[in-house]
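User: Hi! I have a protein model open on my screen and would like to talk it through with you. Could you take a look with me?

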Amino acid sequence: MKAVVKARPEPGVEVWEMDAPMAGPGEALVRVRAAFICGSDLGIYGFTPAYSDMTLPVVMGHEFSGVVEAVGEGVEGFAVGDRVLSRSVVSCGECRFCVAGMDNLCESSSLFGIHQDGGFAEYISVPRGLLYPIPGGMSFEEAALVEPLSNAVHFVNDLTPVESGDLAVVLGIGPIGLFSAQLLRLAGAEVLVTGISVDTERFKIAGKLGLEAVNVDNVDPVELVMERTSGRGADIAFVAVGAPSAVHQAVRLVRKRGHVTVVGIFPGDVDVPMTTVVRREITLAGAYDARASNFLEAVNLMETGRISAIELATHRFPLEEAERAFEVAKSRKGCKVLFVP
Ligand SMILES: [Zn+2]
Ligand SMILES: [Zn+2]
């Protein structure tokens, strides 16, 4: 089979011809039908410090859906031909975080596309416990977007104390920003999304989703928010981009006792205006990945149409054109780029 592989500890990816995996005990072999490039895959492509401990070589990709091709020993509940989507983190189920339902923080987790072979391939072998049936009417592309949506569900619904009537500013107009903005709006907030000039296509998608978005290359978001709130500040800031400037803006535009959720992965350490955090009693919270239960919420939100996903899918490539696919994803010309193996 063909697969997009991170083979070397340096920037770039390779397309390999390799043997398809087998469905081991408790696993299902899935024929991949859609697999999206994530922001983290761009970090892996560039081999940035945040990914320096990954296992090499590894087939990349953790946002995928497909059809069950074979089932291993002891697999119940799934049969050949079933349409499935998958979680991306293989957690141990036994550590204190797993037991407390915080499997995203598992002490010995393994991630598809980082520690074990992922979904940028024709086939992937998946532990049965990570699989969910795709509801009828949901496309493979939508199903593969459940994984990033589940992350946004965790970031917003678990870790951002948003209340109806709040003003929430989402800094970053990528996929996670657009999902999180929709979730904050569902929670009753007035939502403002920010992007930069290179995000032209993403501003159009925000428009289609009915979200108000401003270009911070032209408008100072701190001034804008202060004007709108008579100098009080926004209730919530949500940093959905790994840009240090966005952290600064977030801290400066929230109100006293405001809340800043940070989900971006940064290229290095970030200076935070900590005296502002202290004197204004701002809460600064990190949020990472998703818990198992966020997955079912995400499936439900998408199935019932409360969250729109398919507008985010803008560019499709075969596995052979991995280099081009990554170029488009890095350029931010579109929004979500996917492989159709
Ligand atoms: Zn992802
Ligand atoms: Zn664990």
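Analyst: Happy to; we can go through the domains, the helix packing, the sheets and a few backbone details. One thing up front: this is a predicted model.

User: Good to know. How is the protein chain divided into domains?

Analyst: There are two. Domain 1 covers 2–150 + 290–339, and domain 2 covers 160–286. Their C-alpha centres lie 27 Å apart.

User: And how many residues does each domain give to the contact?

Analyst: Domain 1 supplies 19 residues and domain 2 supplies 18 residues.

User: Which elements give two or more residues on the domain 1 side?

Analyst: Those are helix H1 (39–46) and helix H4 (146–158). H1 makes the largest share of that side, with three residues.

User: What's the mix there by class?

Analyst: The side of domain 1 that touches domain 2 has seven nonpolar, seven polar and five charged residues.

User: Let's stay with H4. How does it sit against H10?

Analyst: The axes of H4 and helix H10 (residues 292–303) come within 8 Å and cross at roughly 110°. Angles from 65 to 115 degrees count as roughly perpendicular, so H4 is roughly perpendicular to H10.

User: Which residues make that contact?

Analyst: From H4 you have Val 146, Leu 149, Ser 150, Val 153, His 154 and Asn 157. H10 brings Asn 294, Phe 295, Glu 297, Ala 298, Val 299, Leu 301 and Met 302. By class, the contact of H4 with H10 has eight nonpolar, four polar and one charged residues.

User: And what about H4 and H5, what angle do they pack at?

Analyst: H4 and helix H5 (residues 175–186) pack at about 50°, with their axes 9 Å apart. The two helices are therefore oblique to each other. The crossing of H4 and H5 is right-handed.

User: Which residues meet there?

Analyst: On H4, look for Pro 148, Leu 149, Asn 151, Ala 152, Val 153, Phe 155, Val 156 and Asn 157. On H5, the partners are Pro 175, Ile 176, Phe 179, Ser 180, Leu 183 and Leu 184. The contact of H4 with H5 has eleven nonpolar, three polar and no charged residues.

User: Nice. One more helix pair: how do H7 and H8 pack?

Analyst: Helix H7 (residues 221–228) and helix H8 (residues 244–253) have their axes 9 Å apart, at an angle of about 20°. That makes H7 roughly parallel to H8, and their crossing is right-handed. Pro 221, Val 222 and Val 225 of H7 make the contact with Gln 249, Arg 252 and Leu 253 of H8. By class, that contact has four nonpolar, one polar and one charged residues.

User: Switching to sheets. What is the strand order in the six-stranded one?

Analyst: The order is E13-E12-E11-E14-E15-E16, in an open sheet with parallel pairing. Neighbouring strands of this sheet are turned by 20° against each other on average, direction ignored.

User: Which strands stand at the edges, and why is one side of each left without a neighbour?

Analyst: Strand E13 (212–215) and strand E16 (283–286) stand at the edges. Each has a single partner strand, so one side of each has no neighbour in the sheet.

User: How many bridges join E12 to E13?

Analyst: Four bridges join strand E12 (residues 190–195) to E13. If you want a pair to zoom in on, Leu 192 stands opposite Glu 212 in E13.

User: What about the three-stranded sheet, what's the order and the pairing?

Analyst: That open sheet runs E2-E1-E4, and the pairing is antiparallel. Strand E2 (14–17) and strand E4 (58–59) are at its edges, and each has a single partner strand. Two bridges join strand E1 (residues 2–6) to E4, and Lys 6 stands opposite Val 58 in E4.

User: Last topic, backbone geometry. Is the peptide bond from Leu 56 to Pro 57 cis or trans?

Analyst: The bond from Leu 56 to Pro 57 is cis, with omega near -10°. You will find Pro 57 in the loop between H1 and E4.

User: And what phi does Arg 257 have?

Analyst: Arg 257 has a positive phi of about 60°, although it is not a glycine. Its place is in strand E15 (residues 254–262).

User: Great, thanks for the tour!

Note on methods: Residues are numbered from 1 along each chain as its sequence is written. Chains are lettered from A and ligands numbered from 1 in the order in which they are written. This is a predicted model: local features need pLDDT of at least 70, side-chain atom pairs count only at pLDDT 80 or more; totals for chains, interfaces and linings use all residues. Domain bounds come from an automatic or database domain assignment. Two residues are in contact if their C-beta atoms, placed from the backbone, lie within 7 Å. Ala, Val, Leu, Ile, Met, Phe, Trp, Tyr, Cys and Pro count as nonpolar, Asp, Glu, Lys and Arg as charged, and the others, Gly among them, as polar. Two strands pair if DSSP finds at least two bridges between them. Axes are lines fitted to C-alpha atoms, for helices over the stretch in contact, and angles run from 0 to 180 degrees between N-to-C directions. Angles under 35 degrees count as roughly parallel, over 145 as roughly antiparallel, 65 to 115 as roughly perpendicular and the rest as oblique. A crossing is left-handed if the near helix is turned anticlockwise from the far one by less than a right angle, and right-handed if clockwise.
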